[in-house]
Each structure stands twice: as structure tokens, then as C-alpha cells.
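Reader: I would like the reasoning behind the labels, please. Take the helix packing, then a pocket.

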2 protein chains.
Amino acid sequence: MTGNTAAADAATFRKGNGRTDRAPYDLDAVLDLAVATFNERGYEATSISVLAERLGTSKSALYYHVSGKEELLQRALDRALGELEAVLEASGADDHRGDAADRLEFVLRGAVRVLVAELPYVTLLLRVRGNTDIERDALRRRREFDHRVSQLVEAAHAEGSLRADLDPGTTSRLLFGMINSIVEWYRPGGPMDAAALADATVSVALDGLRAR
Amino acid sequence: MTGNTAAADAATFRKGNGRTDRAPYDLDAVLDLAVATFNERGYEATSISVLAERLGTSKSALYYHVSGKEELLQRALDRALGELEAVLEASGADDHRGDAADRLEFVLRGAVRVLVAELPYVTLLLRVRGNTDIERDALRRRREFDHRVSQLVEAAHAEGSLRADLDPGTTSRLLFGMINSIVEWYRPGGPMDAAALADATVSVALDGLRAR
């Protein structure tokens with residue numbers, strides 16, 4: 001449940017030059033801008049100077065609140081991962097409440113909602129390649145999340161809720177492929193909201209496209 | 001049907017220093033190595049010098065056969081796109097033979113087979129972001145391919161073969177998401193061959209995961 005770290009720590013954040021002609025911004029706003037910039041230019045290519053310039057503040061003002069771009073990356077990945085992990089906890093995946101197919105459906109629907117609600121944060125997470133300790137730690141948590149969803153797929157398979165002719169490993173990967181692709185093409189504000197997208201995705205995954 | 005340009009043009013290709021201690025290599029081998037390097041380091045970050053070094057040859061020997069890394073990129077993208085377009089042609093998508101659902105299934109199965117057979121080439125294609133004319137042209141052809149598959153989804157929808165409660169646009173995107181993800185996780189040589197993977201993917205897409 002680490003998803004709200006950034007919000008909990010939010011501090012009032014004023015421009016370094018002391019001018020008050022713009023509204024003060026908080027850590028969440030800084031994080032939003034950092035994530036947008038990382039997604040646009042790549043994390044490696046983004047410096048604290050670039051972030052300060054885009055925020056209309058000074059490097060020293062930024063350093064007063066965060067230790068560096070590493071901390072921004074860490075907080076951003078923590079937010080995406082925390083929200084996804086919270087879905088898994090809420091599903092009762094660990095205490096095995098209800099049948100596995102129901103829990104799986106709950107997790108898929110929740111994952112789509114998180115993707116939509118935290119689109120830039122999850123986009124960043126999905127692009128992480130493991131070049132730094134922070135990224136490697138995020139990859140480890142992402143693999144752990146994937147692994148726990150795969151276990152749900154296996155449990156649903158074992159209880160007979162999922163088709164016996166499909167291999168659970170392949171099934172899990174195709175599911176993740178479909179869900180993760182949402183960050184590539186979905187843009188909020190269109191005709192389909194998060195709930196409708198979650199319904200459509202889960203429905204395609206479980207029931208397929210063919211008319212019956 | 002531009003997929004075999006590289007093979008058709010294949011020329012015997014000897015090391016620039018005239019040594020014969022390694023087997024001669026042809027344009028296909030050069031292209032394979034270029035594509036692997038582009039995928040590993042990024043196209044921008046790859047120079048002809050790096051390619052020459054990895055091939056154990058000289059820049060001038062490489063330039064004798066290709067005009068530059070642009071030509072290698074062009075040939076690589078053309079190979080991936082040509083193979084995908086050939087599937088669409090073979091499906092009869094344009095002359096409307098058979099019902100649309102059958103043609104769609106043929107195209108999905110064919111696309112998976114191309115992804116597996118040309119894994120590094122399709123990986124490169126899916127990473128193209130449109131920084132150069134060559135990349136923009138490839139993006140245009142990729143969008144045209146996607147558009148024609150979407151039209152097939154719409155036709156299958158209109159003829160009543162696909163579920164009426166799903167929007168064809170969203171359906172197409174989820175389908176592409178699932179299929180394109182294959183380049184991220186599938187590695188040849190495992191327990192599942194291309195035909196089995198194509199069967200599993202089409203089966204999940206059309207019939208879903210739920211046991212009936």
C-alpha cells in the first residue's frame with residue numbers, strides 16, 4: 001500500500017526566486033511534470049536543470065524538496081507499483097477468499113483502472129529497463145506482481161474455471177500483453193471511460209470476440 | 001510482397017581486410033546483425049563503425065554494399081512490413097473472399113507466425129517512433145496495415161460473427177496489444193512453436209479464457 005506516499009508527503013512548494021505570481025505547487029505537481037518529461041525524453045536524458053526550467057523554478061529550490069531525479073523516479077515507480085499491488089491485496093489473492101476466477105476478474109478490472117488513472121506513471125513503469133538500482137528494484141516488484149497474477153491464473157485453471165486446453169503461462173502473458181498495451185493507445189477524455197474500458201478488456205479476455 | 005528484397009539482393013560479402021579465416025557473409029547476415037544492434041542500443045546510438053567492428057570488417061567494406069545505416073534500417077523495416085502485408089494479401093482481405101471472420105482469423109494467425117519468424121525485425125518495427133523519413137514511411141505502412149485489419153474486424157462485426165456489445169475500434173486495439181506483446185516475451189526454441197502460439201493466441205482472442 002505504498003501508492004499514496006507521494007500524496008502523503010506532499011509539501012507546499014514555492015518557486016525558488018520567492019515570486020508569488022504563480023500558485024505554489026506541491027510534490028505531486030513536480031512529480032507529474034517529472035514523469036511527463038521522463039516519458040517524453042527518457043529518464044537518462046532528463047536532468048534536474050531541465051525539470052527546474054520546465055517548472056519555472058531553480059535547481060536549488062528543487063533540491064530543497066527532493067534529493068535528485070533518482071528520488072523522483074523512485075516516487076513515481078512506487079506510486080504505479082503501489083496502486084497495482086493494492087489491487088492485488090484488495091482482491092484477497094493471498095487469503096484465497098472466493099473462487100480464483102472471481103479474484104482474477106477483480107484484479108484484471110482493477111489493473112485496467114489503475115492504468116487509466118495513473119497512465120503516465122504506469123507508462124514509465126512499463127518502460128523501465130533496469131539500468132539503475134531503483135529501476136532494478138521496480139522490475140523486481142513488477143515481476144512479483146506478474147508472478148502473483150500468474151498464480152491466480154493457475155489457480156483459476158486448476159479449479160476448472162479457465163479452459164483446460166490453454167497453458168496458464170501463455171495465457172498470463174497474452175493477458176498482460178493486452179492490458180499493458182492500453183498505455184500505448186488509450187487517451188482519457190474519449191468516448192470510453194475507465195470503467196467501460198475495464199469491462200471491455202475483461203470481457204474480451206474471458207469470453208472472446210466471437211458471437212455465440 | 002516486398003519481404004524478400006534482402007534475400008533477393010543477397011551478395012557475397014567478404015571482410016574488407018581480405019582475410020579468409022572467417023566464412024564470407026551476405027547482406028542477410030549484415031542485416032541480422034544490424035537489427036540486433038539497433039534493438040540492443042537503439043538506432044540513433046548505432047554507427048556504421050560499430051556495425052563494421054561487430055562484423056569484423058571495415059567501414060569501407062560495409063559501404064561497398066550498403067549506402068549507410070539508413071539503408072539497413074529501410075531494408076529491415078521493409079522486410080517486417082512486407083511479410084505482414086503479404087499475410088493480408090493472402091487472406092483475400094481485399095477481394096472479400098469467404099466470410100470476414102475467417103479472413104480475420106487467417107490474418108491473426110499469419111501475423112503471429114510473422115512475429116515469431118521475424119522476431120527481431122518486427123521488434124524493431126514496433127519501436128519505430130518516426131524520427132526520420134524512413135521511420136515515418138514505416139509508421140505510415142504500419143498504420144495502413146492496422147487500418148486494414150480494423151476494417152476486417154468491422155466487417156466481421158457487421159456480418160454478426162463478432163459480439164455486438166463490443167466496439168470494433170477497442171476490439172482491434174486490444175487484439176493488436178495482445179499480438180504485438182508477443183515480441184516482448186516469446187523466445188523461439190521453447191516448448192511452444194510458432195504454430196502452437198498462433199493457435200493459442202487466436203483461440204484466446206476469439207473464444208476467451210473461460211471454461212464452458
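**Helix crossings and a pocket**

Author: In this predicted model, the axes of H9(A) and H9(B) come within 7 Å and cross at roughly 130 degrees.

Reader: Why are H9(A) and H9(B) called oblique to each other?

Author: Set the angle against the classes. The crossing is at roughly 130 degrees. Roughly perpendicular covers 65 to 115, and roughly antiparallel needs over 145. The angle falls in neither class, so H9(A) and H9(B) are oblique. The crossing is right-handed.

Reader: Which residues make the contact of H9(A) with H9(B)?

Author: H9(A) supplies A:Leu174, A:Gly177 and A:Met178. H9(B) supplies B:Leu174, B:Gly177 and B:Met178.

Reader: What makes two residues of that contact polar?

Author: The glycines, A:Gly177 and B:Gly177, because Gly counts as polar. Leu and Met count as nonpolar. The split is four nonpolar, two polar and no charged.

Reader: How do you know that H8(B) and H9(B) are oblique?

Author: The axes of helix H8 (residues 133–158) of chain B and helix H9 (residues 168–180) of chain B come within 9 Å. They cross at roughly 125 degrees. That lies between the limits of 115 and 145, so the pair is oblique. The crossing of H8(B) and H9(B) is right-handed. Residues in contact include B:Phe145 and B:Val149 of H8(B), and B:Leu175 and B:Phe176 of H9(B). By class, this contact has six nonpolar, five polar and three charged residues.

Reader: What makes H2(A) and H3(A) oblique?

Author: Helix H2 (residues 27–41) of chain A and helix H3 (residues 48–55) of chain A pack at about 125 degrees, with their axes 10 Å apart. The angle is again between 115 and 145, so H2(A) and H3(A) are oblique. Their crossing is right-handed.

Reader: Which residues make three of the H2(A) and H3(A) contact residues charged?

Author: A:Glu40 and A:Arg41 in H2(A), and A:Arg54 in H3(A). Glu and Arg count as charged. Seven nonpolar residues and one polar residue complete the contact of H2(A) with H3(A).

Reader: Now the second largest pocket: which residues of its lining are charged?

Author: A:Asp167, A:Arg173 and B:Arg187 are in the lining, and Asp and Arg count as charged. The lining divides into five nonpolar, three polar and three charged. The pocket has a volume of about 180 Å³.

Reader: Which helix gives the largest share of that lining?

Author: Helix H9 (residues 168–180) of chain A, with three residues. Chain B also lines the second largest pocket, with B:Trp185, B:Tyr186 and B:Met192 among its residues.

Notes
Residues numbered from 1 in each chain as written. Chains lettered and ligands numbered in written order. Predicted model: local features only at pLDDT ≥ 70, side-chain atom pairs only at ≥ 80, totals over all residues. Heavy atoms only, no water. 1 Å grid on protein atoms, 1.4 Å probe; cavity = no way out; pocket = protein on both sides within 12 Å on 5 of 7 lines; lining within 4 Å. Points joined across faces, edges and corners; volume = space filled by probe spheres on them. Helix = DSSP H or I, 4+ residues; strand = E, 2+ residues; numbered from the N terminus. Axes fitted to C-alpha atoms, helices over the stretch in contact; angles between N-to-C directions. Parallel < 35°, antiparallel > 145°, perpendicular 65-115°, else oblique. Left-handed = near helix turned anticlockwise from the far one by under 90°. Contact = heavy atoms within 4.5 Å.
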